[in-house]
Each structure stands twice: as structure tokens, then as C-alpha cells.
Amino acid sequence: MAAVLPGPGGDFNLAYPAVRPIQSGVALGSLVAGIASLLVSIAVLCFGVTGAQGGWGAQVAGAFAVLGAAAGLAGLALGLAALRQIRRARGELTGKGIAVAGLCCAGVGLLSSVGALLLAVVLST
């Protein structure tokens with residue numbers, strides 16, 4: 001929506017070029033944190049199952065579960081902030097789908113980390 005308006009009292013015009021909406025960086029951060037949470041939850045599961053016989057699985061899985069839970073919570077917080085930011089921008093920001101994907105990945109990663117940790121604790125006892 002570009003507009004060219006006549007300037008006040010002269011031969012010059014004022015031009016307002018159309019500005020394309022930009023991608024929300026917060027939404028992208030949410031997606032990155034959500035994917036990281038998913039990947040760490042896989043590591044929690046692998047360490048928990050592998051170390052169950054040796055007795056060290058639950059401890060190592062617990063350390064990684066803290067990292068996975070932190071990444072999941074960060075992804076959830078960033079996703080909610082991105083949705084709020086995009087809604088308030090009134091068309092100047094895009095990335096609603098990326099924010100929702102980040103929320104989904106972060107939620108699944110958080111729940112998977114906790115579930116894999118519980119499985120590791122049960123297998124080690």
C-alpha cells in the first residue's frame with residue numbers, strides 16, 4: 001500500500017513506500033528452543049535406558065532432563081511472547097505458524113523429558 005501525497009505548498013511530493021512485514025525473531029527462537037528440547041529428551045531416554053543396568057542411567061538422565069525442561073519452558077515462554085507480539089503488531093510482523101510450531105515442539109519436548117526421566121528412574125530401581 002504505497003501512497004504518494006502532494007507536499008505542502010510546493011512541487012515536491014511525499015512518498016510512503018509499502019513496507020513488507022518482517023518475520024518475528026521471538027517466534028523463531030521459540031521454534032529453536034522447542035526443537036532443542038525434543039532432541040535433549042531423546043538423549044534423556046537413551047542415557048536412561050542405556051545406563052539402567054550400570055546404575056548411572058537415572059543420574060545422567062536427570063542432568064539432561066533439567067536441560068530439556070529448561071529448553072522446553074523457554075520455548076513455551078518465547079512462543080507465547082511471540083504470539084502476543086504478532087497480535088499487537090497489526091500486520092507488521094509475521095510468524096504465527098512458527099510460534100505455534102515452537103509451542104508444540106516445546107510442550108512435547110518438556111513432557112518427553114519428564115517422561116523419559118521417570119522411565120529411567122523406574123528402570124534403574
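**Helix contacts and a surface patch in a predicted model**

Isoleucine 86 lies in helix α2. The model it belongs to is a predicted one, so the values below are best read with that cut-off in mind: local features need pLDDT of at least 70. At 13% relative accessibility, isoleucine 86 counts as buried, because buried means under 20%. What does isoleucine 86 touch, once residues up to four places away in sequence are set aside? The partners are Ser24, Leu93, Thr94, Gly95 and Lys96. The pairing with serine 24 spans 62 residues of sequence, yet the two C-alpha atoms sit 7.4 Å apart in space.

Helix α2 itself covers residues 57–89, 33 residues in all. From first C-alpha to last it reaches 47 Å, close to the 48 Å expected at 1.5 Å a residue. Right after α2 comes arginine 90, and its phi is positive, near 55 degrees.

Zooming out, the protein has three helices and four strands. Read from the N terminus, the order is β-β-β-α-α-β-α. Of its 125 residues, 32% count as buried. Contacts lean towards long sequence separations: among those between residues at least 6 apart, 68% join residues at least 24 apart. As for the outside, the accessible surface comes to about 7800 Å², and carbon and sulfur atoms account for 71% of that.

Two serines in helix α1 deserve a look. Serine 30 is one of them, placed in α1, and serine 37 is in α1 too. Are these serines buried or exposed? Serine 30 has a relative accessible area of 0% and is therefore buried, and serine 37, also at 0%, counts as buried as well. Leaving out residues up to four places away in sequence, serine 30 touches Gly75, Leu78, Gly79, Ala99, Gly102 and Leu103. One of these partners, glycine 79, also shows up in a polar pairing: its backbone nitrogen lies 3.3 Å from a polar atom of the serine 30 side chain. For serine 37, with neighbours within four places again left aside, the contacts are Gly68, Ala71, Gly72, Ala106, Gly109, Leu110 and Ser113.

Helix α3 runs over residues 96–124 and holds valine 108. With a relative accessible area of 47%, valine 108 is partly exposed, since that value falls between the 20% and 50% limits. Its C-alpha atom and that of isoleucine 35 are separated by 9.5 Å, although their positions lie 73 residues apart along the chain as counted by the separation in sequence.

Where does nonpolar surface gather into a patch? Leu45, Val49, Leu119 and Leu123 make up such a patch, with about 310 Å² of accessible area together. The elements giving two or more residues to this nonpolar patch are α1 (25–50) and α3. Leucine 119, one of the patch members, is found in helix α3. At 37% relative accessibility, leucine 119 counts as partly exposed, and a patch residue needs over 30%, so leucine 119 clears that cut-off.

How values were computed. Residues numbered from 1 in each chain as written. Predicted model: local features only at pLDDT ≥ 70, side-chain atom pairs only at ≥ 80, totals over all residues. Heavy atoms only, no water. Buried < 20%, exposed > 50% of the residue type's maximum accessible area, 1.4 Å probe, protein only. Expected span 1.5 Å × (residues − 1). Patch = residues over 30% accessible without salt bridge, like charges linked within 9 Å, V, L, I, M, F, W, Y side chains within 5 Å. Areas by Shrake-Rupley, 256 points an atom, 1.4 Å probe, with all protein chains shown as cover. Salt bridge = Lys/Arg side-chain N within 4 Å of Asp/Glu carboxyl O. Contact = heavy atoms within 4.5 Å. Polar contact = N/O pair within 3.5 Å; in protein donor to acceptor, adjacent residues only side chain to side chain.
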